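Me: I should like to go through this model in question and answer form. Please set out the terms before relying on them.

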Amino acid sequence: YLTQFPNVTATVGGVPAAVVFAGAAPGLVDGVCQLNIQLSAGTPAGNALPLLIAVGGQPSTATATLSVR
């Protein structure tokens, strides 16, 4: 069981975000993963920006969104 996951990338609204942590969520059941990202200054504002995550080069589907003010 991995506590941290290598090769994780994220974009918000098409702009790369820095992945600060990607791994097991402390205090929760095994299998729950946590992703901490830091948005870049160039990330646009919006109510439903697409959040895309890739692990080991395998991208997520484009169904998750994030609100940015």
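Reply: Helices (H or I, at least four residues) and strands (E, at least two) are DSSP runs, numbered from the N terminus. This is a predicted model, in which local features need pLDDT of at least 70 and side-chain atom pairs count only at pLDDT 80 or more, while totals for chains, interfaces and linings use all residues. Residues are numbered from 1 along each chain as its sequence is written, and side-chain values use heavy atoms, with hydrogens and water left out.

Me: Where does asparagine 7 lie, and is asparagine 7 buried or exposed?
Reply: Asparagine 7 is placed in the segment before E1. Its phi is near 60°, a positive value in a residue other than glycine. Buried means under 20% relative accessible area, exposed over 50%, and partly exposed in between (1.4 Å probe, protein chains only). Because its relative accessible area is 60%, asparagine 7 is exposed.

Me: What is the order of the elements along the chain?
Reply: The chain holds zero helices and six strands. From the N terminus on, the order is therefore β-β-β-β-β-β.

Me: How many bridges join E2 and E3?
Reply: Two strands pair if DSSP finds at least two bridges between them. E1 and strand E2 (residues 15–24) pair in the antiparallel sense over three bridges, with valine 12 opposite valine 15 in E2. E2 and E3 are also antiparallel, and valine 19 stands opposite isoleucine 37 in E3. The number of bridges between E2 and E3 is six.

Me: Which residue takes a positive phi in the hairpin of E1 and E2?
Reply: This hairpin has two residues between the strands. The positive phi there is near 60°, and the residue that takes it is glycine 13.

Me: Which elements give two or more residues to the largest nonpolar core?
Reply: A nonpolar core is a set of buried Ala, Val, Leu, Ile, Met, Phe, Trp, Tyr and Cys residues joined through side-chain atoms within 4.5 Å. The largest one has six residues in all, namely Ala10, Val12, Ala17, Leu49, Leu51 and Val68. The elements giving two or more residues to this core are strand E1 (8–12) and strand E4 (46–55).

Me: Why does threonine 43 count as buried?
Reply: Threonine 43 is found in the loop between strand E3 (33–38) and E4. Taking contact to mean heavy atoms within 4.5 Å, threonine 43 touches Val12, Val15, Leu49 and Val68, not counting residues up to four places away in sequence. A polar atom of its side chain lies 3.0 Å from the backbone oxygen of serine 40. Threonine 43 counts as buried because its relative accessibility is 13%.

Me: Is leucine 39 in the loop between E3 and E4 buried, exposed or partly exposed?
Reply: With residues up to four places away in sequence not counted, leucine 39 touches Val12, Ala17 and Val68. Leucine 39 and threonine 9 are 30 residues apart in sequence and 12 Å apart in space, C-alpha to C-alpha. Because the relative accessible area of leucine 39 is 33%, leucine 39 is partly exposed.

Me: What share of the exposed area do carbon and sulfur atoms supply?
Reply: Accessible areas come from the Shrake-Rupley method with a 1.4 Å probe; for residues, only the protein chains shown count as cover. Of the 69 residues of the chain, 22% count as buried. The chain exposes about 4700 Å², and the share from carbon and sulfur atoms is 59%.

Key:
Polar contact = N/O pair within 3.5 Å; in protein donor to acceptor, adjacent residues only side chain to side chain.
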